[in-house]
Amino acid sequence: MIDWLSEAAYLFSTKAFIITGNKTISFNEINERAVYLANLLQKHYKINRGEIAALLSENNLDFIILIFALWKSGAVPVPINTRLNDPETNNLVVFLKPSFIFIDRNINKQVNYKNAKTIIIEDDYVIDDKSKTPGNDGITENVQNKGFDENSTALILFTSGTSGNPKGVQLSFHNLRASFDNSNTVLNHDTNEKWIASLPFYHIGGFSIITRALLSGTSVIIPKSLNTDDLANTLITHRPTLLSLVSTQLRRLIAMRIKPNAELKCVLLGGGFIEDSLVDEAIKEGWSIAKVYGSTETSSLITFVDCKKDRNKKLSGGKSLAKNRIFIVNESNNFLLPLIKGEIVVKSESCSRGYFNNPKATDEKFRDGLYYTGDSGYIDEEGYLFIDSRMDYIIISGGENINPLEIENALLEYPGIQNVSVFGQEDKEWVHIVAAAVIIKPGLNVSEGDLKEFLLQKISPYKLPRKYYFMNEFPMNPLGKVQKEKLREIIKNH
């Protein structure tokens, strides 16, 4: 089989693939640049099949071309969240043990891993200078044929988990294609479609925009940045047909009185809890909202509901798409009848094969061809999924997954803290914010400012608790674990 980009270049040729700034680059041009970079990597850096390549980059043209060059070389790209601080980034890199680390020239990161070749991504790699065409520097025109296998690992994306350990989700090309095929039953791509790269490429929601466009011959528009002003300007200027947002982005666009363009046929809304009032307001303002449910482990969305068309089901997460199957099970792993709450379990060809170098977590989550999501919910008589809560208490704030255990462990290192419990609180702008309940050791005086200053040395700023609650005791279960639901209720009532 030929790789996806070569196939797309043959099928869609001169059609616009990537639009960024004042540049419009065709499928053919992207393929030529990817071939050039793949040859450079193979000749000068001896990159081989199966080697791990960590990527630190914002959404840009270089990122996309590098992904395709790595695929042509048989390597496995691992995009890393650029919002992590240096210690967190280095912890992931040490866990990965990559052969290569690619860092965008505009990213200020200090990555210390001597066993990898560190390469700064420069404009030369995408042949911005037209005089630097393949062949002018002794690099052969034809990339070495590494063979393309859809069952091989396409990429690894990190997701938050309850254990506090890194969880790198391994996704194959087959997983990504299955995800596209399933979503295309409702999105109905044609070659005139235009996506905005509205989510970070290091998240599955953002990366899926690239693969959907690649497999359907549609265009991807890359905004100057992901801040609301740049996103709004891109909407107004380029008039997309498809868009994927998290609640915080949609709420800010509405607050700015941005109206959807007439060509915008669908806005996928996911990334955690979605307020019903936000959906109502968006529909009133003319936005074509479709709520979706999915995760990194499922290669993005697995359910879909058109909130305007199916108004009576807009509180749901939607119905499973195409060949996807969703079940609800109890603690004994028995399948439950409609309307009975339990754990949400997924069967789909888009589901990951498991976690990188983490057999324990893989065995816990992937069993008998099913993915156990750790989310709680039920299915109604018509097959619509209703999500009750995240069973593992992951906090989703502004579309970012935040692991409360990581913050708890960091706070417990502070000498004056006796106990701590971190949880999410509902928030109008961020959907949820991080809150921390703490018990201070007797006789000590600890302020909120002390804790903030301490945590800044441990974790990224976006993970910092926005609220602190100083308490004398926590509600505990007989096993000595904090009862977070009761704790939140106590805080809410007082």
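**Overall build, one cavity and five residues**

The chain is built from 13 helices and 26 strands. Its radius of gyration is 23 Å, close to the 23 Å that the globule rule gives for 494 residues, so the chain is as compact as a globular protein of that length. These values, like those that follow, were computed from a predicted model. Taken along the principal axes, the box filled by the C-alpha atoms is roughly 70 × 55 × 50 Å.

Two further values help to picture the interior. Of the 494 residues in the chain, 57% are buried. Among contacts with a separation of 6 or more, 64% join residues that are 24 or more positions apart. On the outside, the accessible surface comes to about 22000 Å², and carbon and sulfur atoms account for 48% of that surface.

Is there any empty space inside, and where is it left? Rolling a probe the size of a water molecule over the atoms shows where such space remains. In this structure, one cavity of 30 Å³ or more was found. The volume of the largest cavity is about 50 Å³. Its lining is made up of Asp3, Trp4, Leu5, Phe68, Trp71, Lys72, Phe148 and Phe173. Helix H1 (4-12) and helix H3 (61-72) are the elements that give two or more residues to this lining, and H3 gives the most, with three residues. Sorted by class, the lining has six nonpolar residues, two charged residues and no polar ones.

A closer look at single residues adds detail, beginning with Ile326. This residue is found in strand S16, which spans residues 325-329. Its relative accessibility is 13%, and because buried means under 20%, Ile326 counts as buried. Leaving aside neighbours within four places in sequence, Ile326 is in contact with Ile302, Thr303, Ser320, Ile344, Val345, Ile379 and Leu385. Pro98 is 228 residues away from Ile326 along the chain, and the C-alpha atoms of the two are separated by 35 Å.

Arg251 offers a second buried example, this time in a helix: the residue lies in helix H8 (residues 247-255). With a relative accessibility of 17%, Arg251 counts as buried. Beyond the neighbours within four places in sequence, Arg251 is in contact with Glu275, Leu278, Lys428, Glu429 and Val431.

The remaining residues sit in loops. Lys308 is found in the loop between strand S14 (300-306) and strand S15 (318-320). When neighbours within four places in sequence are left aside, Lys308 is in contact with Ile283 and Ile289. Ala290 and Lys308 are 18 residues apart along the chain, and their C-alpha atoms are separated by 7.9 Å.

Two loop residues deserve a glance for their backbone angles. Lys46 is not a glycine, yet has a positive phi of about 55°. The loop that holds Lys46 runs between helix H2 (27-44) and strand S3 (52-56). Is Lys46 buried or exposed? Its relative accessible area is 53%, so Lys46 is exposed. Asp368, also a residue other than glycine, has a positive phi near 55°. Asp368 is found in the loop between strand S19 (366-367) and strand S20 (370-379). With a relative accessible area of 74%, Asp368 is exposed.

Definitions and conventions
Residues numbered from 1 in each chain as written. Predicted model: local features only at pLDDT ≥ 70, side-chain atom pairs only at ≥ 80, totals over all residues. Heavy atoms only, no water. 1 Å grid on protein atoms, 1.4 Å probe; cavity = no way out; pocket = protein on both sides within 12 Å on 5 of 7 lines; lining within 4 Å. Points joined across faces, edges and corners; volume = space filled by probe spheres on them. Helix = DSSP H or I, 4+ residues; strand = E, 2+ residues; numbered from the N terminus. Nonpolar A, V, L, I, M, F, W, Y, C, P; charged D, E, K, R; others polar. Rg over C-alpha atoms; globule rule 2.2 N^0.38 Å. Buried < 20%, exposed > 50% of the residue type's maximum accessible area, 1.4 Å probe, protein only. Contact = heavy atoms within 4.5 Å. Areas by Shrake-Rupley, 256 points an atom, 1.4 Å probe, with all protein chains shown as cover.
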